[in-house]
Amino acid sequence: MSLNIRDILKKYTMVFALIAVIIFFWVSTDGKILFPQNINNLISQNAYVFVLAAGMLLCILTGGNIDLAVGSVVCFVGGIGAVVMDKHINVWVAVAIMLIGGALVGVWQGFWISYVKVPPFIATLSGMYAFRGMANVVMQGMTIGISDETFLNVFGGGADCYVPDFFHGEGLNITCMTTGIMVVLIYAVLVIKNRMDAQEKGFEMAPFYSDVAKIAAVGASVLWIFYKLAKYKGIPAGLIWIAVVLIAYGYITTKTTIGRYLYAVGGNEKATRLSGIDSRKVYFFAYINMGLMAGLGGILTIARASGAQPTFGQGYEMDAIAACFIGGASASGGEGGIFGVIIGAVLMGVINQGMSIMGISPNYQKVVKGIVVLVAIIFDVLSNKKKK
Amino acid sequence: MGKILLEMKNITKTFPGVKALDNVNLQVEEGEIHALVGENGAGKSTLMNVLSGIYPYGSYEGDIVYNGEICQFQKITDSEKKGIVIIHQELALVPQMSIGENMFLGNERGKKSAINWNETYSEADKYLKMVGLSESSRVLIKDIGTGKQQLVEIAKALAKNAKLLILDEPTSSLNETDSRALLDLMLEFKKQGMTMIIITHKLNEVVYVADKITVVRDGSTVETMDCHTMEINEDRIIRGMVGREITDRFPKRQNPFGDIVVNAGDVNMEVKNWTVHHPLYTERKVVDNVNMYVRKGEVVGIYGLMGAGRTELAMSIFGRSYGSDITGSLYINGEEMVLKNPREAINAHLAYVTEDRKGNGLVLTNPIRVNTSLANMNGVSNHGVIDVDKEYQVAVDYKEKLRTKTPSVEQNVGNLSGGNQQKVLLAKWMFTDPDILILDEPTRGIDVGAKYEIYCIINDLVNAGKSVVMISSELPEVIGMSDRIYIMNEGKFVGEMKAEEATQENIMACILQSGRGEEA
């Protein structure tokens, strides 16, 4: 079975759109957007989008359900963390408190949504107001600074939030470059092993050249990004958190039974229930997870800003939702994946940064972002229509 | 020979990679009822979609000649203007709206800026009278039964000035009485000069109403039979549809169960004094004091009209997935069990194969592999991590065992035909390793060939010592497949008979008598 070009275009529409957008900004910013520092900033500034979008994806999979409270929870949890650290409590205790706090918020919202059947939109709308208010209460309406070096370095704030170069390369961070090469090698080995496995058992396989193309494309982009980062200060801490979250959620959504249930509930809840799966637990799981990710999002946000403010996190929920939908998640649930989230988040990040470099006013930036989301969904709808 | 109203000449329609219709020719005379029969996927619906303009002119080859002129329909409204109205298998009514509102939806009476409600309802009532429906047109659709909804659809078509009415599986969700009433209505319309095309799987209906029968097979018209000049019976039609003679519509089992003496040890499942109330109107009894049992290796049929409470009985047994205030006791292998949810039912080796494949059975957006394992994820996973290789193997095994027609188990279930979807659904439940299978309308909406295969699967199951409870509203199927038959009416079991005693007549008599008993 040969893949024709139209199929490839359809499957990877957003990847090609991303490439087009990058080329557009590369031209219109005289190549500035691809400077090492800008690539580094792109990753560090948008770490929260990846983390929150991964959590949001799980909610959306269960049936297009979204969590509007995410931004407020980020602020609330961040506020708690800042206050706790201000009292010189151990950093790791503070981190644990923030993560648990996020998860508890998830329990609260998830309980109403899954067991009392409050529509998610309304349950989380209530959370959006309530946790914003509680964030203000916790911080007493003031900004709280964070000075703990360990915290800032580990979670991507301050000037030294990079993985140190153990080889002290001149002008090129060797640790960073080596990591990049390792990542590509591991990826290639996994793809090849998968293929050999399938061959041995006589399963269907994608054509050989498509696997080669996949390794080449992923390998080239990863190496290129790590090369750029190595020319700057090395691997930013934010990237590590992004990687951890994406790998974990990629695994959960594709390899585990709970991941399967998320898709099944979103695809056909009644059939799933009659298959002996408690759909309430599935919703509950999705929202607890969202809470946990909001907790991590809060940590990354206050680290990046070296402090917490009652206005933090506004609109974060929309960034996460937009990333999911741009990445092809279905608004009625049951379809979507982590790969899409990555593409969606990067696309949003590139557009943000490209326009900032071009000096476009934030007001127009919002207009453009809005249009991009709409265009992405129109693409999705049209290509789905053609499928039928 | 009368005037030809419609002629479809050399229609060819290709979808990417598939030739759905290949040089199809169809002639329909004015004032006749023309039946279109064929297996699922033979191309009947595609042909009707071409005719009604769902597939616009230019997307197919060939000509449609209607009333002597060549038609080039771009959309449905074009064909409706000419009086060609199609009533689809799935009812297209808005449940929250009244009958009258539905009838003139998109075709509102009065001005664009102001709907004339008096005219709407008085006209609606006029059309309702024509179809013999004694409901006010102000009643909401959700408050009337499926049989009446089907009549509303027909009234709606009449309101569009239909000259050629196409009915796609009009009786698929109706019980025998309502079906018969609908067919009689068609005959009545015929007398008034209406031309109709009916697509159906139910061959007894074809024999009852049709003047001519066109058989479609693999995208081509095979033959047209004239019922007035030829001797037509169901076997003759089946031969045309499958291209071979089916000698037995119901495969024989090796050990017919009939004469084994009742032996308590052999009883696999028993239900005593089972009563179920409606989930919303909790004072209403949907299942009323039902007693039943099923032995190992036995097929027990439950026959009843639509709304008799059969599905509700099955679902309430299957982990209380329907109803409220359920009382009674359930014994599995002689042991009393309380099954609080579907999971406990599955663990007790019970399986419920739903009548509603798309709504309650399958996740259409997921591939066959995923659907096959959904009810038994433990069978393909380890501590919550899925072994995809194993899952794939399971799906392939069942695909081969049940002869599911698909290029790959990675195919989305939504792309399969009804018969193949049913096989995937059966595979899903067989993989849970059940001892007792409740099959709810296992052959609804699937073609003759696939039905036979499903019957063979049922036989294999009972030969392996499993028990099968088969719910069906097709009398020949219940009589042909069951060892023993329960007859259900209005929530109660009103009769029980051995297969060899059962005939269509005495089963219907049983239902009628119980109805009368109620009134007396």
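What follows is a chat about a predicted model, covering the interface between its two lettered chains A and B and the sheets of chain B.

Visitor: Let's start with the contact; how many residues does each chain put in?
Guide: As this is a predicted model, take the count as computed: chain B gives 32 residues to the contact and chain A gives 23 residues.

Visitor: And how much area is buried between chain B and chain A?
Guide: About 2,200 Å² is buried between the two chains, and carbon and sulfur atoms account for 55% of that area.

Visitor: How many salt bridges are there across the interface, and between which residues?
Guide: The rule finds one salt bridge across the interface of chain B and chain A, and there the side chains of Arg260(A) and Glu391(B) meet at 2.5 Å, taken from N to O. Between chain B and chain A there are also nine residue pairs in polar contact, with both residues of a pair at pLDDT 80 or more.

Visitor: Which elements of chain B are on the side that touches chain A?
Guide: Those that give two or more residues to that side include helix H10 (342-347), helix H11 (357-361), helix H12 (368-373) and strand S18 (385-386), together with helix H13 (388-401) and helix H14 (418-430), each of them in chain B. Sorted by class, that side of chain B has 15 nonpolar, eleven polar and six charged residues.

Visitor: H14(B) sits on something else too, right? What does H14(B) lie across?
Guide: H14(B) lies across S16 and S19 of chain B, and it runs at about 165° to S16(B).

Visitor: So what is the strand order in the sheet with S16 and S19?
Guide: That is an open sheet of six strands in chain B, ordered S16-S19-S20-S13-S21-S22, with mixed pairing. Strand S16 (350-353) and strand S22 (492-498) of chain B are at the edges with a single partner strand each, so one side of each has no neighbour in the sheet. From one strand to the next, the twist averages 20°.

Visitor: How do S19 and S20 run, parallel or antiparallel?
Guide: Strand S19 (residues 436-440) and strand S20 (residues 467-472) of chain B run parallel and are joined by five bridges, with Ile436(B) having Ser467(B) in S20(B) as its bridge partner. Helix H15 (residues 448-463) of chain B packs on this sheet, where it touches strand S13 (299-304), S19 and S20 of chain B, and its direction makes about 150° with that of S20(B).

Visitor: Moving on to S6 and S10, what is the strand order in their sheet?
Guide: Six strands of chain B make up that open sheet in the order S6-S7-S8-S3-S9-S10, and the pairing is mixed. Strand S6 (84-87) and strand S10 (220-226) of chain B are the edge strands; each has a single partner strand, so one side of each is left without a neighbour in the sheet. Neighbouring strands here are turned by 20° against each other on average, with direction ignored.

Visitor: What joins S7 to S8, and which helix packs on the sheet there?
Guide: Five bridges join strand S7 (residues 164-168) to the parallel strand S8 (residues 195-199) in chain B, and Ile166(B) stands opposite Ile197(B) in S8(B). Helix H6 (residues 176-191) of chain B packs on the sheet, touching strand S3 (33-37), S7 and S8 of chain B, and its direction makes about 155° with that of S8(B).

Visitor: Back to salt bridges, how many are found over all chains?
Guide: A search of the whole structure gives 30 salt bridges over all chains. One of the pairs is Glu69(B) with Lys82(B), at 3.3 Å from N to O. Glu69(B) is in strand S5 (residues 69-71) of chain B, while Lys82(B), 13 residues apart from it, is in the loop between helix H2 (76-81) and S6 of chain B.

Visitor: Last one: where is Ala92(B), and what is it in contact with?
Guide: Ala92(B) is in the loop between S6 and helix H3 (99-103) of chain B. Leaving aside neighbours within four places in sequence, Ala92(B) is in contact with Glu153(B) and Lys156(B). The C-alpha atoms of Ala92(B) and Glu153(B) are separated by 7.8 Å, although the two residues are 61 residues apart along the chain.

Key. Residues numbered from 1 in each chain as written. Chains lettered and ligands numbered in written order. Predicted model: local features only at pLDDT ≥ 70, side-chain atom pairs only at ≥ 80, totals over all residues. Heavy atoms only, no water. Contact = heavy atoms within 4.5 Å. Buried area = accessible area lost by both parts, 1.4 Å probe. Salt bridge = Lys/Arg side-chain N within 4 Å of Asp/Glu carboxyl O. Polar contact = N/O pair within 3.5 Å; in protein donor to acceptor, adjacent residues only side chain to side chain. Helix = DSSP H or I, 4+ residues; strand = E, 2+ residues; numbered from the N terminus. Nonpolar A, V, L, I, M, F, W, Y, C, P; charged D, E, K, R; others polar. Pairing = 2+ DSSP bridges. Axes fitted to C-alpha atoms, helices over the stretch in contact; angles between N-to-C directions.
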